[in-house]
Amino acid sequence: MNKIIRNGTIVTASETYQADILIKKGKIDTIGTALKDEGAEEIDAKGCYVFPGGVDPHTHLEMPFGGTVSKDDFETGTIAAAFGGTTSVIDFCLTEKGKPLSDAVKTWHAKSKDKSVIDYSFHLMISEMNDKVLNELPEIIKNEGITSFKVFMAYKNVFQSDDETLYRTLLAAKDLGALVMVHAENGDVIEYLTKEALSKGQTEPIYHALTRPPEVEGEATGRAAQLTGLANSQLYVVHVSCKEAADKIAEARKKGYDVHGETCPQYLVLDQTYLEKPDFEGAKYVWSPPLREKWNQDALWNALRTGELQTIGSDQCSFDFRGQKDLGRDDFTKIPNGGPMIEDRFSILFSEGVLKGRISLNQFVDITSTRSAKLFGIFPKKGTIAVGADADVVIFNPEVKRKISAATHHMAVDYNAFEGMEVTGEPVSVLVRGEYIIRNKQFVGTPGSGQYMKRAKYGQLSKAADNTITIQ
Ligand code: URP
Ligand code: ZN
Ligand code: ZN
């Protein structure tokens, strides 16, 4: 059924204005005033913002990691994402050395196909670079529309690749039209610091942070940026946690390198002291890179405001406190890294960012949606409110106050890292391709209704795509 959203304030990355939206066949058909369409369902968005659905460029749903598997899968994770205002996710597809890349992609399709309630795509992990991989990549791009590769510079003996692999991936990506993503921490130095800590009996969660200091993130970020410059390629640094790393990205961009950076809600709001919580509670806050000293938060907000960092990912990788995080009760290296973040990404950025004057409303849309859609080849179908775009729409009440809590969240895990935090603003209804997924704060979607998104090559989105907003 066609729908008309009336009385709302439409917000895109560049404009804020009052208009109605007519949705037909899952697409935004018309934007204008006093729109008429007989029989269309009327949606009253009075007092609400009408945002493009969030694009979360960084999730790990049902991912094997640290001797266990992340708890939220494509069903619970994408339902929680939808409650939080996210309508597209790009998840990391893990590959194994010596095995065809296509096997890994098949595994990820099997995990997601009948479960996702929102649209989704995959980034492809590159764990080795050789002729076999090089021969397979063009097929993966053509058949799967996977146009971003991920290289880990940390997690030694698990995911970590060497610099030759990173450099060759950058060269291949330049030729193939893909964006290279890095987890930038110096894994070799972390390994050394970790062994040293354990040999001194330093086993508590706080040592996770102390053995991964900001310098190891800054060094790896700078190294990846320099290699990108040398290869004349393109880079996206995931989960930037500290000033050292943000500065390296800014430095590279000043030199004209095609380098982009993402941060995550946890680094903007939480800090290293959380890892010192008693009774092993610090384990709830174990991420890599780790939470930093509080003063870094200002540096990250500032980098988002000035455009030195461009996006926010959830890095959703959730584990129960009881039964998963506690695998590392006697040894911090055994605590599975990651946290539940997919649901609160949008609200945290609105409440802590827009309402506290750190970023503008239009920057909020750019950071949570538009920029990721552009960088990862799904704009303008996703990431904006424009005629012809998919009707992925969030009707957002900016006034309502609420407390974040595991008791009310929709993620599958037994804690929320922001427990008790008061935020203002909440998605009321969320549509994906014109269909309600969340209606008046109730889930009304269907597992499996999310569609796989084949993505355009990096840099192929024409500038004209920025000018597709038509007001009638
Ligand atoms: O601690 C984190 N970030 N867990 C998820 C995996 C990764 O490194 O992104
Ligand atoms: Zn990572
Ligand atoms: Zn991650």
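**Ligand 1 and the two zinc sites**

The four donor atoms around the zinc ion (ligand 2) subtend angles of 56 to 152°, so the arrangement is irregular. Irregular here is what remains when four donors are neither tetrahedral (all angles between 85 and 135 degrees) nor square planar, and six are not octahedral (opposite donors over 155 degrees apart and all others between 65 and 115). This is a predicted model, in which local features need pLDDT of at least 70 and side-chain atom pairs count only at pLDDT 80 or more, while totals for chains, interfaces and linings use all residues. Residues are numbered from 1 along each chain as its sequence is written, chains are lettered from A and ligands numbered from 1 in the order in which they are written, and side-chain values use heavy atoms, without hydrogens and water.

**Zinc ions**

- The zinc ion (ligand 2) has His183 (ND1) and His239 (NE2) as protein donors, 2.1 Å from it.
- Donors are N, O and S atoms within 2.8 Å of the metal (3.2 Å for Na, K and Ca); water is not among the atoms, so sites may look incomplete.
- For the zinc ion (ligand 3), the protein donors are His58 (NE2), His60 (NE2) and Asp315 (OD), at 1.9 to 2.1 Å, with the sequence spacing H-x1-H-x254-D.
- The site of the zinc ion (ligand 3) is also irregular, with angles of 87 to 140° among its four donor atoms.
- The zinc ion (ligand 2) and the zinc ion (ligand 3) are 3.8 Å apart.

**Ligand 1**

- Residues around ligand 1 include the zinc donors His58, His60, His183, His239 and Asp315, where near means a heavy atom within 4 Å.
- An oxygen atom of ligand 1 lies 3.1 Å from a side-chain N or O atom of His60, a polar contact (a pair of N or O atoms within 3.5 Å).
- A backbone N or O atom of Ser288 is 2.8 Å from an oxygen atom of ligand 1.
- The protein buries 100% of the 270 Å² that ligand 1 exposes when taken alone (Shrake-Rupley method, 1.4 Å probe).

Conventions:
Polar contact = N/O pair within 3.5 Å; in protein donor to acceptor, adjacent residues only side chain to side chain.
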